[in-house]
Amino acid sequence: MELYKQPAHTLHDMLVKREITSTELTRAFLNRIEQTDADIHSYITTTAEKALNMAKSADEKISSGESVSFLTGLPGAIKDNICTLGVKTTCASKMLENFIPPYNAAVMEKINHMDAVILGKTNMDEFAMGGSTENSAFFSTHNPYDTDCVPGGSSGGSAAAVAGGLAAWAIGSDTGGSIRQPASFCGIVGLKPTYGRVSRYGLVAYASSLDQVGPLTRDVTDCANILNVIAGYDSMDSTSINEPVPDYTKALIKDVRGLKIGLPAEYFVDGMDEEVIRAIHAAVADFKAMGAQIVEISLPYTKYAIAAYYLVASAEAATNLSRYDGVSYGSRVSGEDIVAMMTNTRTEKFGNEVKRRIMIGNYALSAGYYDAYYLKALKLRTLVKEDYDKAFEKVDVILAPTAPTPAFKIGSIINDPLQMYLQDACTVPLNLAGLPGISLPCGFSKAGLPIGMQIIGKPLAEETIIKTAFTYEQSKDFHKMFAGVIE
C-alpha cells in the first residue's frame with residue numbers, strides 16, 4: 001500500500017491499530033517530498049528532523065495505550081503565513097524571508113496539542129495576495145494533475161501538497177477564496193469556516209475582516225476531523241466567536257432528503273467555462289435524485305462583490321502592511337536617510353501584486369476618495385450580506401461553482417490582474433458576508449483537470465454544509481482519485 005495516497009482517516013485507523021508507526025508514515029511522506037517536490041514546489045521550508053522527532057513522540061504515546069486524537073502521528077503541512085515557533089514563516093515574501101516567529105499561532109497550539117507531525121511550511125502567493133501561487137517571491141507551485149497548470153491560490157502550496165501526496169492534510173487561509181479555489185483546482189476538499197469560528201491569532205494579517213483559517217484535505221471526513229481540532233474560541237482574537245464547538249464528525253451522514261438547496265443565477269458569470277457549468281448542473285441533478293429540493297434564488301448584489309472586495313481587502317492590506325517599513329518589522333535595505341531606507345526597503349522587498357494592492361488601498365482611503373470608494377464598498381458589503389440573509393430564509397444551503405474555470409496554465413494570466421481578480425467571482429461574496437463554505441470535486445474537464453463546487457451555509461452552519469458535501473461525495477468516486485501525474 002502506498003501510504004501517501006491514503007486519506008488521513010485511513011492512516012489514523014492504521015496508526016491506532018498499530019499496523020504502521022508514525023515514524024514509518026512520516027518517512028514515507030518525507031521520501032515523497034524528496035522525490036516529487038522538485039516538480040511541484042509545494043514547500044518553502046521542510047522540517048524533516050523536527051517531523052521525525054514529533055513522529056517518535058507520537059509513537060511512544062500510541063504504544064503506551066494513551067488515548068490519542070485524530071491528528072496524533074499524522075503528517076501535515078502548514079501555510080507559510082501561520083506563525084510557527086522556531087520555524088521560518090516567510091509569507092512567501094522577501095520582506096520576511098528570514099523571520100522566525102517567537103511564538104505559535106493559536107491554530108498551531110491546538111494542532112501541536114494533538115501530537116500532529118508537521119512536515120513543513122507551504123508555498124503561497126506573497127502575503128496571501130493572489131489566486132495562483134505565482135506571486136510567491138521564491139517560485140511558482142505546480143498543479144499535481146498537470147504541472148503546466150497553477151494549483152490555485154493563495155493556499156496553492158497546501159492544496160498541491162495534499163493532492164500530490166506530499167502531506168496527509170494541510171492548513172490554509174482564505175481571504176477571498178484562497179482555500180476553496182485551490183481545493184477546486186487540485187481536486188481536494190477545502191473549507192472556509194464562518195468568520196470567527198477559528199482563531200486568527202498568529203495568522204499574518206492580509207485583510208483582517210476577511211481572513212479565516214481552514215483545512216485542506218483529501219475528503220470530507222478528514223475535513224470534519226481537522227475542523228474539530230482547530231475551531232473554537234480564543235481570547236487572544238477579538239473577533240473570535242465564543243460559542244460551543246460541535247463534533248463535526250457527527251455531521252458525516254448520507255442524507256439530503258428534504259434539504260432545500262439554493263441555486264443562484266448570478267454565480268454563473270459571463271465567460272464561465274462550459275465544462276464547469278455542465279459539472280455543476282450534473283451535481284444539481286444528483287442532489288435532486290437523492291431527495292433534495294432545488295430552489296432558484298437571486299443574489300443581485302453578487303455582481304458588485306468583486307469591486308467591493310478588492311477595495312475593502314486592499315484598504316486593509318495597505319494598513320496591515322504599513323508596519324513593514326525596515327524599522328518595525330521585516331527586512332531592511334539601507335538608504336541615505338530614514339525616508340530613503342523605508343522607500344528602498346518596501347520597493348525591493350515587496351512584489352508587484354503586493355505593491356499594487358497597497359496602492360489601491362491607500363488611494364481608496366485617501367482624503368477625497370474615502371467616501372467615493374471605501375465607504376461605498378462597505379455599504380455594498382452590507383448589501384451582499386443581506387442578499388444571503390434573504391436567501392437563507394428560503395433555503396438551507398446554496399450550491400455554486402467554486403471557480404469559473406478549471407486550473408489555467410502557469411503564466412497565462414499573471415500579467416492581466418483584472419482577469420486574475422475575476423477568478424474570485426464565485427468565492428469572495430462569502431468572505432464579505434463571513435459565511436462558511438466548502439469546496440469539493442464534482443467532475444473533471446476533458447483535459448483531466450478537477451472541477452469543484454462549493455456549498456455555502458448560514459453563519460456557524462458548518463455541520464449542514466459538511467453533511468451536504470459528505471452525502472454528495474459518498475455518491476461519487478472523485479475523493480478516491482489521486483493526482484497521478486507525479487508518480
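## Helix 1 and the residue after it

Right after helix 1 comes Arg 18, with a positive phi of about 65 degrees. Keep in mind as you look that this is a predicted model. Helix 1 itself runs over residues 8-16, and its buried residues are Ala 8, Leu 11, His 12, Met 14 and Leu 15. If you look down the helix axis, these buried residues fall within an arc of 165 degrees, so they line one face of the helix. There's a simple bit of geometry to help you here: an α-helix has 3.6 residues a turn, so residues three or four places apart point the same way.

What do the buried residues of helix 1 pack against? Their partners are helix 2 (22-40), helix 3 (48-63) and helix 7 (220-230).

## Some unusual backbone spots

Most residues other than glycine have a negative phi, and most peptide bonds are trans. With that in mind, have a look at Ala 92: it isn't a glycine, yet its phi is positive, at about 55 degrees. You'll find Ala 92 in the loop between strand 2 (75-79) and helix 4 (106-113). Is Ala 92 buried or exposed? Its relative accessibility is 0%, so Ala 92 counts as buried.

Ala 128 is another non-glycine residue with a positive phi, this one about 65 degrees. Ala 128 sits in the loop between strand 3 and helix 5, and with a relative accessible area of 3% it is buried. Ser 154 also belongs to the loop between strand 3 (117-122) and helix 5 (156-163). The peptide bond joining Gly 153 and Ser 154 is cis, with omega at about 5 degrees.

## Strand 10 and its neighbours

Now move along to strand 10, which covers residues 437-444. Why is strand 10 described as largely enclosed by the rest of the structure? Seven of its eight residues are buried, so the rest of the structure largely encloses it.

Strand 10 pairs with strand 5 (residues 189-192) through three bridges, and the two run antiparallel. One partnership to find on screen is Leu 191 with Ile 438 of strand 10. Strand 10 is also joined to strand 11 (residues 450-456), again antiparallel, by seven bridges. Here Ser 439 has Gln 454 in strand 11 as its bridge partner. Strands 10 and 11 form a hairpin with five residues between the strands, and Gly 448 in that hairpin takes a positive phi near 85 degrees.

## The nonpolar cores

The largest nonpolar core takes in 144 residues. Those with the most contacts inside it are Ile 111, Phe 127, Trp 169, Ile 171, Tyr 388 and Met 453. Which helix gives this core its largest share? That's helix 9 (residues 305-320), which supplies eleven residues. There is also a second, separate core of eleven residues, including Tyr 145, Phe 408, Ile 413 and Ala 483.

## Stepping back to the whole chain

Zooming out, the protein chain has 15 helices and eleven strands. Its radius of gyration is 21 Å, close to the 23 Å that the globule rule gives for 487 residues, so the chain is as compact as a globular protein of that length. The C-alpha trace spans about 65 × 55 × 45 Å along its principal axes.

Buried residues account for 61% of the 487 in the chain. What about contacts between residues at least 6 apart in sequence? Of these, 76% join residues at least 24 apart. On the outside, the chain exposes about 18,100 Å², and carbon and sulfur atoms supply 51% of that.

Conventions
Residues numbered from 1 in each chain as written. Predicted model: local features only at pLDDT ≥ 70, side-chain atom pairs only at ≥ 80, totals over all residues. Heavy atoms only, no water. Core = buried A, V, L, I, M, F, W, Y, C linked by side-chain atoms within 4.5 Å. Buried < 20%, exposed > 50% of the residue type's maximum accessible area, 1.4 Å probe, protein only. Helix = DSSP H or I, 4+ residues; strand = E, 2+ residues; numbered from the N terminus. Pairing = 2+ DSSP bridges. Rg over C-alpha atoms; globule rule 2.2 N^0.38 Å. Contact = heavy atoms within 4.5 Å. Areas by Shrake-Rupley, 256 points an atom, 1.4 Å probe, with all protein chains shown as cover. Arc of directions from axis to C-beta.
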